[in-house]
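I opened this notebook to record, entry by entry, what I looked up in the structure. The entries follow the order in which I worked.

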Amino acid sequence: MQKLVMIQSRAIPLPAENIDTDQIIPARFLKSIDKKGFGENLFRDWRYNVHTNEPNPDFVLNNSKYSGEILVAGNNFGCGSSREHAAWALTDYGFKVVVSSFFADIFKGNALNNGLLPVKVSENFLHEILNGITENPEKEIKVDVESQTISFEGNSEYFEIDSYKKICLMNGYDDIDFLISRKQAIEEFELKTQRIYENKF
């Protein structure tokens, strides 16, 4: 995974609430076990006309004035099924951060496991960000993983993140990479344990 230490980017507003994983990536596209290619069908039923497969000009991802690596969504993002493909689709499309006032727990875990940072903010700050980037798409959001802060238009909020997942994000580790990075410490612990055992018996 790519390291995620600090992101300063324009953002895409999607103020709908209760966006579930079937809306993020419809079930009919879950046939692959490869993480690549899911971005093509991110929000498929909102991005394209179901009957003609033509892009829906009213959907924000089809609006050229909006761009960026940050998605700002309404409350309760990622509810529904436990499919990890939702996180795959968002990262494959190019998002590195999703901002909301609440995330479903399973989605939040899947996101962090796949290098996507879910940033939970207060409802007031969320509305401030959504209104600001809707009115002026060139405004940027700054997310600092180390200090766990998100900043917009001179205002900042602290966000929570599991300390282990924070280490993984900042170093670009998945769980296996993290274990490999601790190889020397693990080997030293094994030797120490072995010596204690030998001295006992």
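Entry 1, the pocket. Before listing a lining I noted the terms: a pocket is an open set of grid points with protein on both sides within 12 Å along at least five of seven lines, and its lining residues have an atom within 4 Å of a point. I also noted that the model is a predicted one.

Which residues lie nearest the centre of the largest pocket? I found Met 1, Gln 2, Thr 91, Asn 114 and Gly 115 there, among the 17 residues that line the pocket. I recorded a volume of about 380 Å³ for this largest pocket. I then sorted its lining by class and obtained seven charged, six polar and four nonpolar residues. Helix H3, residues 85-93, supplies the largest share of the lining, with three residues.

Entry 2, the overall picture. I looked up the secondary structure and found eight helices and seven strands. The C-alpha trace spans about 75 × 45 × 25 Å along its principal axes. The protein has 201 residues, and 41% of them count as buried.

Entry 3, the nonpolar surface patch. I asked which residues make the nonpolar patch on the surface. They are Ile 176, Leu 179, Ile 180 and Ile 186, and the patch has an area of about 390 Å². Helix H7, residues 175-181, gives the most to the patch, namely three residues. I took Ile 176, which lies in helix H7, for a closer look. Is Ile 176 buried or exposed? Its relative accessible area is 54%, and because exposed means over 50%, Ile 176 is exposed.

Entry 4, a second isoleucine. I turned next to Ile 70, which I located in strand S2, residues 70-73. Its relative accessible area is 0%; the limit for buried is under 20%, so Ile 70 is buried. I also looked up its separation from Gly 94: the two residues are 24 apart along the chain, and their C-alpha atoms are separated by 8.7 Å.

Entry 5, salt bridges. How many salt bridges does the structure hold? I recorded four. As background, I noted that side chains of opposite charge can pair when their charged atoms come close.

The pair I looked up at the outset of this entry was Arg 83 with Asp 22, whose side chains meet in a salt bridge at 3.0 Å, N to O. The pair links distant parts of the chain, 61 residues apart: Arg 83 is in the loop between S2 and H3, and Asp 22 is in helix H1, residues 21-24. Arg 83 counts as buried at 16% relative accessibility, whereas Asp 22 counts as partly exposed at 36%.

I then examined Asp 45 and Arg 28, which form a salt bridge with their closest N and O atoms 2.5 Å apart. Asp 45 lies in helix H2, residues 44-47, and Arg 28 in the loop between H1 and H2, so this pair ties together parts that are 17 residues apart in sequence. Asp 45 counts as partly exposed, at 36% relative accessibility, and Arg 28 counts as partly exposed, at 46%.

I also recorded the salt bridge between Glu 153 and Lys 139, with the closest N and O atoms 3.3 Å apart. These residues, 14 apart, link distant parts of the chain: Glu 153 is in the loop between strands S6 (149-152) and S7 (155-158), and Lys 139 is in the loop between helix H5 (123-135) and strand S5 (140-144).

Entry 6, backbone angles. I noted the general rule that most residues other than glycine have a negative phi. Against this I looked up Phe 43, which has a positive phi of about 50° although it is not a glycine. Phe 43 is found in the loop between H1 and H2 and is buried, with a relative accessible area of 0%. Gln 148 likewise is not a glycine and has a positive phi, of about 55°. I placed Gln 148 in the loop between S5 and S6, where it counts as buried at 9% relative accessibility.

Entry 7, a loop residue. Where is Glu 160 placed? I found it in the loop between S7 and helix H6 (163-171). Glu 160 counts as exposed, at 58% relative accessibility. Glu 160 and Pro 118 are 42 residues apart in sequence, and their C-alpha atoms are 9.5 Å apart in space.

How values were computed:
Residues are numbered from 1 along each chain as its sequence is written. This is a predicted model: local features need pLDDT of at least 70, side-chain atom pairs count only at pLDDT 80 or more; totals for chains, interfaces and linings use all residues. Side-chain values use heavy atoms; hydrogens and water are left out. On a 1 Å grid over the protein atoms alone, a cavity is a set of points where a 1.4 Å probe fits but cannot get out, and a pocket is an open set with protein on both sides within 12 Å along at least five of seven lines; lining residues have an atom within 4 Å of a point. Grid points are joined across faces, edges and corners, and a volume is the space filled by probe spheres set on the points. Helices (H or I, at least four residues) and strands (E, at least two) are DSSP runs, numbered from the N terminus. Ala, Val, Leu, Ile, Met, Phe, Trp, Tyr, Cys and Pro count as nonpolar, Asp, Glu, Lys and Arg as charged, and the others, Gly among them, as polar. Patches are made of residues with over 30% relative accessible area and no salt bridge: like charges are joined within 9 Å, nonpolar side chains (Val, Leu, Ile, Met, Phe, Trp, Tyr) within 5 Å. Accessible areas come from the Shrake-Rupley method with a 1.4 Å probe; for residues, only the protein chains shown count as cover. Buried means under 20% relative accessible area, exposed over 50%, partly exposed in between (1.4 Å probe, protein chains only).
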